[in-house]
Structures are given as C-alpha cells and as structure tokens.
Amino acid sequence: MDQPLDNLPLAHFLLTGAVIFVLGVIGFLTRRNLIIIFLCTEMMFQGVAISLVAFSRFHMNMTGQTFVIFVLTIAAAEAALALGLVVLLFRRKRTLDAQAWAELSG
Amino acid sequence: MTLELETIKWIPWLPALAAVVGGVCCMRKSMRNLAAPACILSILAGFIITLGVQSKVTVDSPRVFKAFTWIHIENFAVDFSFYVDPLTIIMLTVITGVGTLVAWYASGYMKGDRGYARFFAAVSLFIFAMTILVMADNLFLLYLGWEGVGLCSYLLIGFYYNKPAAVAAAKKAFIVNRIGDLFFALGIFLTYSHFHTVSLAEVLRSAGDLNTNLHAGGQGVFDLGAAPSVVVIPFLLMLGAFGKSAQLPLYMWLPDAMEGPTPVSALIHAATMVTAGVYLIARLLPLFALSPYALPIVAAVGGATALFAATIALCQCDIKRIFAYSTISQLGYMFMGVGAVSTAGPTVSATGAIYHLFTHAFFKALLFLTAGSVMHSLAGQLDLRKMSGLSKKMPITSVLMLIGCLALAGFPFTSGFFSKDLILADVVEMGRSNSPFATLYSVLGIVGVATAFLTAFYTFRLWFRVFTGPEQYEMGSDGHGHEEEGHDAGKAGHEQAHAPKSGETASAAIAVEHHHEPHEVSFVLMNLPLIFLAIGALGAGLWESKFGWIHHGIETSSAFLGYIPKTASDAGEAHDIHFTMQLISGSIAIVGIALAAWFHWLNRPAGERVARAFSGLVKVLNNKYYVDELNDALIVRPLRTLADVLFVFDSLIIDGIVQLVGFLPRALGMSLRPSQQGELQGYGLGMAFGAAFVLIVVLWSLNLVAMH
Amino acid sequence: MSHAPYALYVASVLGALALLLMMPRNGYSPRKLGALLGTASLGGLWLWLKRDLDLLPPTSPVGLMSYYYIFSALAIGSAVRVITHPKPVYSALWFVMVVLATSGLFIILNAEFMAFAMIIIYGGAILVTYVFVIMLAAQSGDAANDTTPAEYDAVPREPVAATAVGFLLLAVLLTVFFDAGYGNLRQAPRHLGQRPTINAETLLTNRPITLLAAERGEAPKFHDVSNTERVGIDLFSNHPLGLELAGVILVVSLVGALVIARKQVEGDAAR
Amino acid sequence: MNSNTLIPAMILAPFAGALVVALSRESHARAVAAFWALFTFAISLLLAWRFDWHQGGETQFPLSVEWVAAFGLNFSFGIDSISLWLILLTTFLQTLVVFATFASVTQRAKEFYFWLLILQSAMLGTFVATDAVFFYICFEFTLVPLYFLIGIFGSAQRTAAARVFFLYTFTGSMITFAGVLYVAWFNSQPEMAGLYAGAGEWSFDMQTLYLAAHHLTAAQQTWILVAMLAGFAVKLPLFPFHTWQPLTYAEAPTAGTVLLAGVMAKLGSYGMLRLAIPLAPAAALHYAPVIATLAVIGILYTALICWAQKDLKKLVAYSSISHLGFVVLGLFALNTIGVGGSVFYMVSHGLSTGALFLCIGMLHERFQTREMSQMSGLAKVMPVWAFFMVFFSLASVGLPGLNGFVGEFLTLLGAFTAEKVLGPVYAGIAGIGMILAAIYILHMVGKVVWGPLKLPRLADAPAPAAGEPAPKVADLGFREIAVLAPLAVACLALGLAPTPMLRSLEPAVDRLIAPMQEVAAADVSSPAHTTLTQARAAAQAAAPAGNVASETAQ
C-alpha cells in the first residue's frame with residue numbers, strides 16, 4: 001500500500017478537484033447573493049484541497065496535507081471576516097444583492 | 001505755336017495732379033467747387049500741348065520719354081515711359097479735346113450734386129489713366145492704363161452709390177472688363193515669353209513688318225519660323241480688346257453703364273475708353289498680322305456686333321440705352337474697319353477705323369450730352385414714350401441733337417458719312433480682292449450697309465419721337481442728383497419752383513417737389529461746349545477729306561512702318577469703289593431718315609400698327625434678346641450655387657476629416673469605459689478571462705516549443 | 001498537443017451546457033434535463049478514462065478507484081446543486097454534502113486525519129456560521145411568508161459568459177493534467193525530486209510502533225505511522241513558520257470580526 | 001552698438017518690452033507697449049540702414065551663440081534681403097497694430113500687450129534664424145502667445161478656435177521637425193565626412209544642411225519634402241489644410257488677425273523658401289507641378305467660397321488663402337521672376353490684407369457685428385473709412401499701380417515662363433482667380449460700402465424711424481487715420497516703385513534656387529530623380545575624379 005499513486009489515478013483526482021474549483025468560480029461569477037459568493041470561494045478552497053491531498057499521496061510526502069491545514073485556517077479566517085462584512089453591508093443597504101454595490105464605476 | 005516734343009511728357013501728370021487736388025477738395029466742403037476748374041484746366045493743357053507738339057511728331061522713329069523705372073527684375077524690365085507717334089497724337093487729340101468739352105459741360109450738369117468734387121477727381125484720374133494707356137511705351141504700362149480706366153469707369157458708373165442698380169452696373173462693368181483684361185494679360189505673358197520683351201518698339205520690330213505678314217497671310221502661305229504659340233497672341237489680345245470695347249462676347253456691361261451720370265457716359269462709354277480696344281489693335285497690327293485668321297475674325301466679330309446692337313437699339317425706349325447700343329454698333333464698324341486691312345486696299349484701311357473713331361467721338365459725345373440736357377430739364381425722365389414735341393421748349397438742344405443724329409446716321413457730307421463710307425469701301429474692296437477670306441468680307445460689306453440703314457432709322461426714330469409731334473411730357477422722379485435728400489439749400493441755378501403751365505396733359509401723375517417743366521439748359525455752362533462738339537461733328541469729315549490729317553498720321557504711325565501704300569494705278573481703280581460706296585451709303589441714310597420720319601413724325605399710328613404687327617420681335621428686341629437673363633441664368637447663378645456648395649463642402653468634408661482625426665483618441669477612450677462599471681463580478685469575469693487567456697498562451701507556446 | 005483529448009473538450013462543453021440549463025431562472029428552468037446531461041457527460045468522461053485505467057500495471061493501487069467514482073460523483077453533483085439552488089440555505093447545506101464527499105476522497109488517499117479535520121472544521125464551524133448569517137439576513141428581510149426567492153437569487157448574472165469562462169479554464173486544466181499524464185502513461189511516476197524528507201520513522205524512537213518494529217528487527221513501514229502523526233510531525237518539523245503564521249492569521253481575523261461586529265452595534269444604535 | 005549685435009537686440013527688445021508691460025500699471029500698458037513696438041521698429045530701420053543692399057544674397061550680421069555643443073545646436077542669426085524685408089513688414093505691422101487696438105482693448109490690456117510683444121519677438125526670431133533648430137523653436141513658439149490672444153480676447157467661439165489652431169499647426173510642425181532631424185542625422189553620418197564643410201558631425205546650421213541635402217537620394221528627398229510641407233502647408237494655409245484658418249481669423253481679436261494674416265502666414269512660405277526647397281532640391285523640382293496644382297485649386301476654390309460668405313472677416317480670411325495660393329505658385333515656379341514675385345507678394349499681401357482686417361476691426365468696434373447683411377451704404381456715413389476700405393480692397397485684388405498687381409503679375413509671369421516646371425496652363429487657370437477675386441471683393445464693397453444706407457441696429461439703440469436722418473456714427477478718428485494712412489502710402493509706393501525691393505531680393509532668390517537650376521539643367525535625359533551629386537557627376541562626365549561618395553550616401 002505504500003506504493004505512490006500512478007499518474008492516471010492522480011489525474012482523476014485532479015479532475016474532480018478542477019471541476020469543483022471551476023464550479024466554485026462559476027458560482028462566484030453568477031450568483032448575486034453575497035453570502036453565496038463567499039460560499040463559492042469556500043468551494044474553490046475545497047477543490048484545491050482535493051488536488052493538494054492527491055499530490056501529497058502521489059509524491060508520498062506530507063507537504064500537501066499540511067498545506068490543506070493552512071488552507072483550512074485561511075478559509076476559516078476568511079469566512080469569519082467575510083460574513084462580518086456581509087452582515088455590515090446587509091445592514092447598510094438592507095439587501096444582499098452584489099449589484100447594489102456598484103458606485104465605484106469608471 | 002509749336003512746343004518742344006518733350007512737353008508731351010506732362011500730358012498724363014497734369015490730370016493726375018488735378019485728381020489729387022480733386023481728392024483734397026472732397027475733404028473740405030468749402031473747396032468743393034474748386035475741383036471742376038482744376039480738372040478742366042488740366043485736360044485743356046493736355047489738349048494745347050497735343051496741338052502744339054503735333055508738327056514735331058514726324059515719320060522717323062517714334063520717340064520714347066522715360067519717366068522712371070517701374071518694375072525691373074532679372075531680364076524683365078518695365079518702365080514708366082511714353083511712346084509718341086502720329087497714332088498717339090490722334091488719340092490724344094480725341095481724348096483731350098472731347099475730354100475738355102465734356103468736363104466743361106459736366107461742371108454745369110453736376111452743379112449742386114453732393115459728390116461734385118469726387119466726380120471731377122475721378123474724371124481727371126480717368127484722363128490720366130487714358131493718356132497713360134494711349135502713350136504707354138510697353139504692354140505692361142498699357143495694361144496699367146487699361147485697368148486704371150476700368151477702375152475709373154467703376155467709380156464713375158457707381159457714382160450715385162445709393163442707387164443699388166448703379167452699384168450693380170458698376171460691379172458688372174468692372175468684372176466683365178476684368179475678364180477681358182485677363183486674356184489681355186495672358187497675351188502680354190505670351191508676348192514676353194516669346195519676344196522676351198514687352199516694349200512696343202521691340203515687339204513691333206521683331207514681329208516683322210506688316211507687309212510681309214500681310215502678304216504671307218494674303219496668299220495663305222504662312223511659314224511660322226517662330227514657335228506655334230505666337231499665333232495665339234493675337235487671339236488673346238483680341239479678347240482683351242473686345243472686353244474693353246464692349247464687343248459681342250463681352251458687351252453686356254456697356255448698356256448697364258448708363259446708370260452713371262451722363263457726362264461719364266459721353267466721355268468714357270462713348271468717346272474714349274471704349275475705343276481703347278480699337279487703338280490696341282491699330283497699335284499692334286503687325287502682331288495681329290502674324291496669324292492669318294486674326295484680322296478676319298476681328299472684322300467678323302465687328303460686323304456681327306454692329307448688326308446685333310443696331311437691331312436691339314431699334315426697339316429700346318430709354319434714350320441713353322439707345323445711344324449705348326448705337327455706340328456698340330459703331331464700335332463694331334471700327335473693328336470691321338481695322339480688321340479689313342489688306343495690301344489691296346485703296347488707302348491704308350486702318351485709317352477708316354481710326355477716322356471713324358475720331359468722328360464718332362465727337363458726334364456720339366454730342367448726342368449723349370444733348371440727351372443729358374433733356375434728362376436734366378425733365379428731372380431725370382429718360383423714357384422715350386413719356387415725352388414728345390420738346391423742340392418748342394428746348395430749341396437749341398433739339399438743333400444740336402439733330403446735327404448729332406445726322407452725323408451718326410451718315411447723312412451725306414457729315415463727318416459720320418465720310419468715315420463710315422471709308423470703312424465700307426475697304427470692306428467691299430477686301431471682298432473683291434484675292435485674299436482667302438474674300439467671301440467673308442463681301443458678306444460683311446452687306447452687313448455694314450444694312451447696319452447703316454438701321455442706324456439711320458433708330459437715330460431719327462428717337463429724334464422725331466422726342467422733338468416732334470404733340471407736346472406732352474411726364475416729369476421724371478429723382479432729378480438725378482439734385483433732389484437727393486439733404487442737399488444744401490441756397491444753391492444757385494435751377495431752383496425755379498413755379499406752378500406748371502396748364503399744358504394739355506399736365507403731369508399731375510407724379511408728385512414732384514419741384515414742379516417745373518422742360519426748359520432750355522444754361523447756355524454758357526452746357527450748350528456752348530455742345531456747339532463746339534457740333535462743329536466737330538459736322539466739320540471733321542470735310543476737314544479730313546481736304547487735309548487728310550488722319551490718313552497721313554496713320555500711315556506714318558509705327559504699326560505701318562514697313563507698309564507700302566498702294567501704287568497709283570490700283571488707287572485709281574479703288575477710287576471709283578470709294579465713290580460708289582459713298583453714293584450707296586448716302587442714299588441708304590436718306591431712305592432710313594425718311595422712313596423714320598414717316599413712322600415717328602408724320603404718321604405715328606402707322607408706327608404703332610407696324611410695332612403691333614411685329615409685337616413678338618419687338619418684345620424680344622426690347623428685352624435685349626434676354627441676354628442679361630441668359631447670362632445670369634447660365635453663368636452667375638450656377639457660379640453662385642457652386643460657391644455655396646463648395647462652402648458647405650469645405651466646412652463639412654474637409655473640416656469633418658480634420659475634426660474626425662481630432663476625435664479619434666477621444667473615441668478610443670470612450671470605447672474602454674464600459675469595462676469599468678464597478679460591479680464586483682464584472683471584474684471577476686475580467687480576471688477569469690485574463691487567467692484563461694494567459695494559460696492558453698503559455699500552453700500554446702509550450703506546445704510550440706515542444707513541436708520543433 | 002500529442003493527440004488532443006477531444007473527449008475532454010466534448011465533456012467540458014456538455015458539462016457547461018448542463019450547468020447552464022440547471023441555472024435558476026424565473027420561468028421554467030429545465031433543471032432535470034440539465035442534471036441528466038451533466039451526469040451523462042461526467043459518466044461518459046469517466047468511462048472513456050476508465051478504458052485506460054485497465055492498462056495500468058496490476059501493481060498500482062487501483063482497487064480503491066471504484067470508491068473514487070462514487071465520492072467524486074457525489075461531490076460534483078452537490079457542488080452543482082450549491083451553485084444552482086435558488087435558496088441560499090439549501091445551497092449551504094449542499095455545500096456540507098460537498099465537504100463530506102471530499103473527505104471521502106481524502107480517505108481513499110489515505111489521509112484520514114485530514115478527512116475528519118475537514119468535516120469538523122468546514123462542516124462544523126465554517127458552514128454553521130454561513131447558515132447562521134443566511135438565516136440572519138434572509139429572516140430580517142421581507143416577511144418571510146412568501147417562498148419566492150429574493151430577486152437577486154433567482155436570476156444569475158451573465159450566466160453564459162461565466163460558464164463559458166469556467167469551462168474554458170476547465171478544458172485548459174484538463175488538457176494539462178491528462179495530456180501530461182496521459183501522454184506518458186507508461187512513464188514511472190515523477191516524484192517531486194528526491195528531496196530527503198524527514199522520514200517519520202527515523203524521528204520516533206520511543207514510540208510503541210517503532211519499538212514494535214525494532215523488535216521485529218526492520219524499520220517501521222510507511223503505514224505503521226498513522227496519518228495524524230505524519231501530519232503533526234510534518235507540520236511541526238517542516239513548516240514551523242507556517243504554523244505560527246496560521247495562528248497569527250486566526251487571531252487577526254478574530255480581532256477583525258470583533259471590530260466589524262462592534263461597528264455594527266453602533267450602526268444600529270445610531271439609527 | 002556694432003552691427004552684429006543688432007539682431008539679438010531686435011529680438012530681445014519686444015521680449016523686454018513684454019516684461020516691462022507686465023510690470024507696469026494697467027493704465028500705462030498701452031503707452032509702454034506702443035513705445036516698445038516703436039523702439040523695435042527703430043532698430044529694424046537701423047538694421048535696414050546698416051544692411052549692404054548690393055549683396056542682398058549673403059547672410060549679413062552673422063552671429064552664433066553656443067547653446068548645446070554636443071549636437072552643434074547654437075542660436076545663430078543672420079539676415080539676407082528676403083528676411084530683412086519680412087522683418088520690416090513685421091515691425092511695421094506690429095507698431096500699427098498696437099496703435100490700432102488702443103480703443104478696442106479695454107480690460108486686461110496688460111495681458112493683451114504682453115502676449116502681443118512676445119508674439120513679435122517669436123516672429124522676428126524665425127526670420128533671423130540661420131540655425132534650423134532655432135528656426136523651429138521660434139516657429140513653434142509663435143503658437144503660444146497666439147493661443148492666449150485668441151483664447152482670451154477672441155469673440156464667440158474663441159476657445160474652440162484657439163484649440164483647433166494650436167493643435168493643427170503644432171502637429172504639422174512636429175512632422176517638419178522630424179524632417180529637419182533626419183537631414184541633420186544624415187549629415188552627421190561618419191561616411192559623409194570630408195564631402196563638404198561641416199559634414200560628418202552634428203550640426204544644424206542651415207548652410208551645412210543645404211550641402212547635405214545634395215547628397216540625399218531622390219526617395220529621401222521626397223520624404224523630406226513631404227515632411228517639410230506638412231508643417232508649412234498648414235501654417236500658410238495651402239488648400240487641403242486650410243480649414244482651421246477661417247474660424248481662427250474670424251474669432252481672433254483684430255490685432256491677432258492682422259498679425260496672423262500679415263506675418264504668420266508668411267512664416268509658412270518663408271519656411272518653404274528657407275527649408276523645404278533647399279533641403280529637397282530635386283524633389284521640389286520634381287513635385288513642383290503637384291504643389292502648384294494644389295495652390296491653383298486653392299486659389300479658385302477659396303475665391304469661390306469667398307463669394308458665398310456672410311461674415312466679413314471670414315470673407316477676407318478666405319481671400320487671403322486665395323492670395324497665398326499665388327505666393328506658393330510663384331515659389332514653385334522656381335525661377336527668379338516667380339520666386340522674387342512671390343516674396344514681393346508676401347510683403348504686399350501683408351500690407352493690403354492687414355489693412356483690410358484693420359478696417360474691418362474698426363467697423364467691428366463701431367457696430368460689434370461682422371455680418372455683411374446687417375449694414376450697407378456706409379460711404380454716406382463714414383466717407384473716410386469708405387475711401388480706405390475701397391483703396392485696400394482694390395490693392396488686395398491686384399489693381400495696377402498698387403502693390404497687389406506687381407506681386408500677382410510677377411508670380412503669374414514666373415509660373416507662365418517656367419516651361420520645365422510649370423507652364424502657361426497653371427498661370428492661365430490661376431489668372432481666373434483674378435476674376436473671381438474681383439467678383440468677391442466688389443460683392444463685399446458693393447454690399448458694405450455702396451448701396452442705400454442701412455446701419456446695423458445696435459441691440460440697445462432704438463430703431464431709427466424711417467426717413468429720419470441716420471444716427472451719428474463716428475467716422476475714422478485721427479488715430480485710426482494715422483494707422484491706415486502709412487499702410488496706404490506703403491501700398492502705393494510698392495505699387496509704383498517696386499524696383500528697389502525687387503533688385504534687392506534678386507541675389508538672395510538666385511542663391512536659393514541655384515541648386516534647382518543645376519539639377520534642371522543637368523538631368524536633360526534622366527528623369528528628375530537624380531540627386532544633385534549625380535547631376536554634378538553627369539555634368540563633369542569628363543572630369544576624372546568621379547566622386548565615390550554618392551554611392552556610400554545611398
């Protein structure tokens with residue numbers, strides 16, 4: 001069992017990670033609800049985590065997984081701050097629509 | 001008394017001085033009346049000098065007096081110098097002689113007018129320009145005189161500048177003259193580029209003497225050693241002459257020029273300026289002989305204009321317009337005369353043209369001035385139909401006008417008779433000679449005779465209608481210059497405001513402040529010069545046929561230096577042509593006069609009946625063949641619309657392109673603006689696109705690298 | 001491209017279309033059809049890939065791959081639901097499903113500690129806050145009796161462009177993964193260079209497993225040390241700085257959240 | 001002061017004057033400006049007095065002040081008869097303009113006269129420069145004062161006019177500067193060393209650039225000619241580049257328009273004479289017909305547009321484009337009569353059109369309108385003004401005896417007799433421009449001066465009841481007559497006695513078109529594209545020392 005992962009299986013895992021990451025991006029771009037936008041960023045983290053762990057297994061060293069730990073901490077920090085901001089924005093404009101905040105137009 | 005030939009130098013400068021004096025007089029109201037004497041004296045002095053110097057000017061090489069160098073660059077040298085030969089003397093006599101008399105008349109005619117000083121300043125400037133034109137030593141100076149005269153005619157036609165019609169007429173005159181002047185200028189350029197000089201003496205010398213050219217032209221054999229462009233010179237100069245002398249293509253300005261004061265019409269548009277064209281061709285005859293076709297064309301245009309103008313004059317109602325068209329017609333005669341130069345002629349036929357020019361100056365000036373007197377007394381009334389039977393009120397004027405009309409019609413033994421007949425004789429004689437254009441000249445002969453008849457008819461139509469028949473008249477309205485608003489009160493002369501005598505048809509129709517009916521004009525100021533003119537009109541012919549002064553003058557003038565006059569035998573045979581022609585033209589004149597008497601004096605209703613019969617023709621002639629309307633529609637209107645179109649084109653298209661180029665950077669900036677709407681996801685999308693694009697490029701290049 | 005993996009492109013285009021169909025719309029949105037198309041494209045892709053899997057040398061640990069398909073299908077399906085679901089609460093919940101699926105994948109990759117850590121931290125902590133905030137916002141919105149989702153949830157923003165970009169990225173990534181991998185399937189797996197990693201085995205001296213192995217007279221095998229230990233060791237030995245920074249970040253975000261929260265209170269008080 | 005420092009003194013005088021005006025009080029501005037303008041005029045007269053008229057060709061009073069040694073840039077001055085006459089025109093017009101605008105400029109007079117004097121020093125700088133870059137600097141610098149003059153003191157759309165004027169001319173002259181740089185670079189090429197004086201190292205002295213130009217190939221010369229013409233054709237409004245001119249002339253204040261029409265337009269033609277033709281002799285010869293055609297089109301095109309104009313100033317503006325068409329026609333006839341005539345025409349056009357603009361300015365001062373339709377028959381009310389207006393209109397339309405005629409005729413004669421380059425056709429068609437000129441000038445004079453009296457109803461003045469005598473309108477005051485009278489005398493003097501000027505111009509003109517004559521004479525057989533050196537080589541076919549240089553210069 002301590003054989004490193006083969007290329008193809010690695011590619012499979014990377015496929016899944018990439019799909020989830022891309023779905024996160026699409027979600028980020030399409031959904032107009034602020035919270036869901038941040039949720040999609042979380043999903044991007046998730047996609048990345050899968051690839052990291054797959055690489056860690058592929059290269060038989062733990063760096064990948066420790067990085068997932070760091071990813072988790074970042075995700076947590078980001079979620080806390082983001083949600084705080086979202087609530088603040090929500091209080092200001094009573095709506096969660098991302099379009100409302102477009103004064104910075106060129 | 002004979003004067004030193006040098007003194008001829010002073011002739012142009014005296015009127016110039018008078019012009020300056022006149023100009024100064026304009027400024028001061030008080031010195032206003034000083035301008036007239038200055039002008040008259042300066043022209044009179046010129047006349048005296050011309051007479052004094054007459055005998056000195058002999059056949060040997062003509063004299064050149066240099067005042068100062070005008071333009072001198074590289075090898076193009078033009079200076080202010082005068083060229084005196086018998087032809088110049090003849091022209092000077094006409095200019096200064098008629099000029100003095102007209103100026104004298106004008107001092108009476110224009111009295112009380114607001115622009116009195118301005119008038120005489122312009123007249124003296126005109127005499128200065130005309131004398132320069134006649135005495136110019138080179139073509140450039142001649143051109144200065146040429147345009148200077150054009151300017152003075154512009155100023156004088158537009159003298160009553162508050163009348164829009166006068167301003168338009170002045171503008172028209174100047175522009176049409178300018179068109180002629182352009183061709184004249186191009187002719188000068190061509191002469192310079194070909195002969196490398198513009199001085200008359202050298203041009204005439206290098207153009208070869210008249211005889212050889214005429215002979216060559218005569219036989220149709222024509223070797224052109226020189227460049228072919230030489231042939232074009234006569235045609236260009238010809239067009240310039242036609243422009244100035246109101247010949248067919250460019251004549252429309254002369255009838256309108258009658259808007260100016262009558263003395264102007266008499267002096268400029270009858271006697272002097274319009275004859276400049278004839279003088280030019282007479283002066284440069286050898287140059288014209290360079291091309292075989294030039295002189296016949298001149299004659300043809302002259303003949304056509306004569307007939308054309310005579311027909312129009314038949315049905316005009318305005319006295320001055322009739323005389324204007326008759327001037328054009330007589331000028332046509334002169335051009336016919338100068339065009340019919342041939343070795344076969346009995347005498348040098350150019351004499352005919354200059355002789356007619358000389359006599360025409362006198363009797364046409366007389367006619368115009370008498371018409372002026374009529375206008376003067378009828379407070380500006382010029383319409384033929386509104387006056388008749390004035391001889392009782394204005395006996396002297398009617399007699400004077402009768403003399404003028406007789407001379408114009410060519411009544412036997414009047415001056416007009418001799419000069420016109422000489423031209424007809426030459427033309428007919430050319431017709432029978434062996435030159436290739438013989439047929440053309442014989443046709444012109446017939447045209448000449450027909451025009452003589454028409455001239456006699458319309459002249460006496462006018463005279464009988466005005467002076468004979470029942471006495472009825474309608475006063476004019478504007479009183480030309482007198483009744484202008486704001487004219488000074490306390491003016492001497494014509495202020496008799498007395499009630500109109502109860503003539504059969506009192507002129508109640510027009511309410512005029514000054515009710516007075518026709519009266520004889522003041523004798524000393526106005527009628528006396530007319531008497532001198534009448535003497536000239538009658539006597540000139542007899543005096544010339546006895547002394548042959550003009551004939552001798554022409555023969556010895558520089559144009560004819562190499563010209564060998566006819567041998568005795570040919571002269572004899574030519575003499576009887578001369579006699580027969582005199583017979584024919586005399587009888588024609590008498591028939592014309594009789595016909596005019598019948599229709600317009602004895603049996604006016606018959607005249608009306610005939611007019612009604614040809615009503616269509618009369619209407620056309622009355623409207624001058626609609627030439628003005630045609631000219632306006634075909635040239636002026638399209639040119640004006642072209643100007644408007646170009647202006648719009650210029651401000652839209654060319655300016656548009658420039659503005660477009662200016663707008664480009666701004667357009668670029670505006671196109672990029674939408675990408676910065678401020679939405680969060682807009683930027684996200686941008687970033688995603690960017691990332692994808694970069695990845696693709698990297699992949700593609702990696703692949704590329706891998707490929708080879 | 002050696003031989004452009006057309007299948008990948010077809011699959012990603014189909015996937016894009018599927019997702020597009022499943023996007024929430026005011027009117028009728030053919031979500032069912034979309035789902036079907038999506039699963040078809042994903043399934044097709046896997047079948048096509050599976051064909052090559054059999055070429056692998058028998059020794060490679062392919063056994064677990066069957067579980068891979070289950071978990072990744074689950075993950076991708078719920079990820080799609082997260083995006084396409086009109087109600088924010090449900091999409092949050094679907095996200096929990098995604099987290100579970102990924103932890104399953106972790107287990108396949110012998111990273112069981114990570115799997116559970118993921119569930120605990122993600123599922124437990126982060127998503128709970130999300131649901132909490134969603135409830136907070138949605139609830140104080142208009143009277144919650146009507147179930148129609150708020151306008152900004154119903155209509156996605158420029159779905160076509162976003163999907164196109166997304167799947168363009170996907171296509172690129174796939175070409176990179178498979179082309180590189182696919183091309184030289186036969187090649188030996190390329191390790192990340194033979195950097196001498198601190199081998200867990202050597203460090204642990206007095207650990208029961210090492211002692212056990214010592215008794216057996218051989219070095220402890222990879223799998224003797226559990227994943228948790230490996231992560232701990234690697235974390236503390238290879239990435240001490242990273243660890244400290246992670247701590248700092250967490251504290252900073254904590255303080256940040258407090259500050260934001262305090263301002264909020266004033267905001268309310270002021271109004 | 002010795003004669004060499006006269007020129008810098010002349011340039012710096014208005015500059016100093018501008019500073020003094022800036023420092024003096026608002027009420028004194030007028031007097032100080034007038035004094036300095038007169039002072040500059042006096043210096044220019046002194047210069048003319050010291051000038052050796054017999055060698056008009058040589059650059060006299062040469063002086064060069066080191067500026068940037070590395071590139072051989074230095075302020076070098078020197079005048080020949082052409083620049084001297086134009087300098088006299090500039091200072092003469094400047095003095096008159098300052099006096100003329102005493103009444104019209106009331107507020108911000110200090111600023112106005114400050115910019116006016118700066119403009120004068122820039123213009124004078126251009127005429128005296130013998131260093132290409134110094135020429136270019138002054139040529140460009142004239143835009144700045146004018147931009148402010150038009151921008152601040154213009155009428156309705158002054159800001160738009162100022163902007164268009166500045167940008168259009170500026171872009172044009174940038175291209176010219178590129179041309180100059182190319183030639184200078186070409187001259188600094190090491191292989192050129194030894195071919196002629198000053199070759200091989202960086203120098204912007206015009207004489208060295210002229211010598212360098214002889215070694216340019218036909219293609220290079222064509223491009224340089226195009227570059228040069230770009231800037232100068234815009235400045236001297238040549239046909240397609242003239243659209244900025246009517247708007248700018250109409251919007252500029254009277255002083256600005258007079259200097260624009262009187263002197264600035266001549267900068268363009270002076271530039272052509274000084275830079276464009278000598279730096280590309282073969283190309284100038286080859287493309288002379290093309291440019292002459294543009295000029296002829298310009299003459300007829302703008303003359304016709306004049307006729308359709310409603311605004312007096314725009315009419316005279318378009319007419320000045322038409323007249324400058326004659327200048328270009330004469331210039332590109334490339335023979336002594338043509339070029340001499342065109343330089344004469346530059347000076348005479350400055351006088352007559354400048355005077356016309358002054359007359360219109362005086363009209364504008366009285367009626368605040370430039371619309372021709374609103375006024376007519378002014379001769380009755382303003383006879384003295386009417387006299388001057390008619391006099392200058394006739395001068396500008398080329399009546400013999402006045403200055404316009406001599407210039408126009410010499411240019412036409414030059415074009416007519418330049419068989420190889422132009423020909424009778426050009427002169428003939430351009431001649432039609434004379435007729436159109438008569439038409440639009442008489443149209444204007446007929447409408448404004450003659451005709452029944454009609455005064456423009458000033459917005460506030462009550463409409464004069466019909467028949468009631470015309471309201472008192474002041475005819476020209478003493479000051480205004482004192483401004484116009486010298487111009488009238490100058491026009492008459494130049495018209496009747498142009499020879500002294502023409503004789504003095506001749507050597508300078510010959511010196512400029514000598515290379516053209518050589519190229520024209522040499523390439524009887526080969527097309528006009530040969531460079532001058534090849535022409536010289538062909539000429540000395542027998543001479544053994546065939547110069548190798550021309551190949552290397554390729």
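Reader: How are H9(B) and H12(B) oriented to each other, roughly parallel or roughly antiparallel?

Author: Keep in mind that we're looking at a predicted model. The axes of helix H9 (residues 229-244) and helix H12 (residues 276-283), both of chain B, come within 7 Å and cross at roughly 155°. Angles over 145 degrees count as roughly antiparallel. So H9(B) and H12(B) are roughly antiparallel.

Reader: Which residues make the contact of H9(B) and H12(B), and how do they divide by class?

Author: H9(B) brings Leu237(B), Ala241(B) and Lys244(B). From H12(B) come Ala276(B), Gly277(B), Leu280(B) and Ile281(B). Sorted by class, the residues of this contact are 5 nonpolar, 1 polar and 1 charged.

Reader: How many residues apart are Asp628(B) and Lys172(B), the pair in a salt bridge?

Author: Their side chains meet at 3.1 Å, N to O, and the cut-off for a salt bridge is 4 Å. Asp628(B) sits in helix H25 (residues 627-672) of chain B, while Lys172(B) belongs to helix H6 (residues 164-195) of chain B. The pair links distant parts of the chain, 456 residues apart.

Reader: Over all chains the structure holds 20 salt bridges, so how many does the rule find across the interface of chain D and chain B?

Author: Let's look at that interface. The contact takes 57 residues from chain D and 48 residues from chain B, and the buried area is about 5000 Å², with carbon and sulfur atoms giving 75%. There are 11 residue pairs in polar contact between the two chains. The number of salt bridges across this interface, though, is 0.

Reader: Which helix gives the most to the side of chain D that touches chain B?

Author: By class, that side of chain D has 37 nonpolar, 16 polar and 4 charged residues. With 13 residues, the top contributor is helix H18 (residues 424-448) of chain D.

Notes. Residues numbered from 1 in each chain as written. Chains lettered and ligands numbered in written order. Predicted model: local features only at pLDDT ≥ 70, side-chain atom pairs only at ≥ 80, totals over all residues. Heavy atoms only, no water. Contact = heavy atoms within 4.5 Å. Buried area = accessible area lost by both parts, 1.4 Å probe. Polar contact = N/O pair within 3.5 Å; in protein donor to acceptor, adjacent residues only side chain to side chain. Helix = DSSP H or I, 4+ residues; strand = E, 2+ residues; numbered from the N terminus. Nonpolar A, V, L, I, M, F, W, Y, C, P; charged D, E, K, R; others polar. Axes fitted to C-alpha atoms, helices over the stretch in contact; angles between N-to-C directions. Parallel < 35°, antiparallel > 145°, perpendicular 65-115°, else oblique.
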